[in-house]
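The following questions and answers introduce a single protein chain to a reader who has not met it before. Please consult the sequence and the structure while reading.

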Amino acid sequence: MASREERKESRQRIKEIYSVAKKYNVSELISESRKPKDPAQGEYDEELDASGLRKALEELGPAYVKLGQLLCTRPDLVEMT
């Protein structure tokens, strides 16, 4: 079981991740990617600017950069259909 200090550090890291995601509007990028470009045809906008996500991952550190690289090479892991 994690000690009180470890739980405190975990909560602080979660707060940091949340604030960085909020700073770069990561949730908007995700929600906007789900909105149909043309509702009549059900097409999704492919040209969203993902630079906010990139900046957020860079700010969070090398492990998150690696996660971004993995997701970039494996679109089947994040496909939203």
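Q: In which helix does R11 lie?
A: The model discussed here is predicted. R11 belongs to the helix that spans residues 4-23. That element is helix α1.

Q: What is the relative accessible area of R11, and which residues form the positive surface patch with it?
A: R11 has a relative accessible area of 48%, so this residue is partly exposed. R11 also contributes to a positive patch on the surface. The other residues of that patch are R4, R7, K8 and K15.

Q: In what order do the helices and strands of the protein run from the N terminus on?
A: The protein contains four helices and two strands. Read from the N terminus, the order of these elements is α-α-β-β-α-α.

Q: What percentage of the residues of the protein count as buried?
A: The accessible surface of the protein is about 6800 Å², and carbon and sulfur atoms make up 55% of that area. A residue is called buried when its relative accessible area is under 20%. Of the 81 residues, the share that counts as buried is 11%.

Q: Among contacts with a separation of 6 or more, what percentage joins residues 24 or more positions apart?
A: The contacts considered here are those in the protein with a separation of 6 or more. Residues at least 24 positions apart account for a share of 50%.

Q: How many salt bridges are counted?
A: Side chains of opposite charge can pair when their charged atoms come close. The rule requires a side-chain nitrogen of Lys or Arg within 4 Å of a carboxyl oxygen of Asp or Glu. By this rule, the count is three.

Q: Which residue forms a salt bridge with E16?
A: The partner of E16 lies, like E16 itself, in helix α1, and three residues, about one turn of the helix, separate the two. E16 is partly exposed, as its relative accessibility is 34%. The N to O distance in this salt bridge is 2.9 Å, and the partner is R13.

Q: How many residues apart in sequence are the parts that K23 and E59 tie together?
A: K23 and E59 form a salt bridge in which the closest N and O atoms are 3.1 Å apart. K23 lies in helix α1 and E59 in helix α3, which covers residues 51-60, so the pair ties together parts whose separation in sequence is 36 residues.

Q: Is K23 exposed or partly exposed?
A: A residue counts as exposed when its relative accessible area is over 50%. E59, the salt-bridge partner of K23, has 37% relative accessibility and is therefore partly exposed. K23 reaches 51%, so this residue counts as exposed.

Q: In which helix do R54 and E58 both lie?
A: The side chains of R54 and E58 meet in a salt bridge with an N to O distance of 3.1 Å. R54 is partly exposed at 42% relative accessibility, and E58 is partly exposed at 46%. The two residues are four apart, about one turn of the helix, and both lie in helix α3.

Q: Which residues does R13 touch, not counting residues up to four places away in sequence?
A: R13 is partly exposed, with a relative accessible area of 27%. The C-alpha atoms of R13 and L60 are 9.6 Å apart, although 47 residues separate them along the chain. Beyond four places in sequence, R13 touches L60 and Y64.

Q: With which residues is I17 in contact, leaving aside its neighbours within four places in sequence?
A: I17 is placed in helix α1 and is partly exposed, with a relative accessible area of 25%. Its C-alpha atom is 9.3 Å from that of L57, a residue 40 positions away along the chain. With the neighbours within four places left aside, the contacts of I17 are L60 and Y64.

Q: What is the phi of N25?
A: Most residues other than glycine have a negative phi. N25 is not a glycine, yet its phi is positive. N25 sits in the loop between α1 and α2, and its phi is about 55°.

Q: What accessible area do L67, L70, L71 and L77 have together?
A: These residues form a nonpolar patch on the surface. One of them, L77, is found in the segment after α4 and is partly exposed at 47% relative accessibility. Together, the residues of the patch have an accessible area of about 320 Å².

Methods
Residues are numbered from 1 along each chain as its sequence is written. This is a predicted model: local features need pLDDT of at least 70, side-chain atom pairs count only at pLDDT 80 or more; totals for chains, interfaces and linings use all residues. Side-chain values use heavy atoms; hydrogens and water are left out. Patches are made of residues with over 30% relative accessible area and no salt bridge: like charges are joined within 9 Å, nonpolar side chains (Val, Leu, Ile, Met, Phe, Trp, Tyr) within 5 Å. Accessible areas come from the Shrake-Rupley method with a 1.4 Å probe; for residues, only the protein chains shown count as cover. Lys and Arg count as positive and Asp and Glu as negative; His and the chain ends are not counted. The place of a charge is taken as NZ of Lys, CZ of Arg, CG of Asp or CD of Glu. Buried means under 20% relative accessible area, exposed over 50%, partly exposed in between (1.4 Å probe, protein chains only). Contact means heavy atoms within 4.5 Å.
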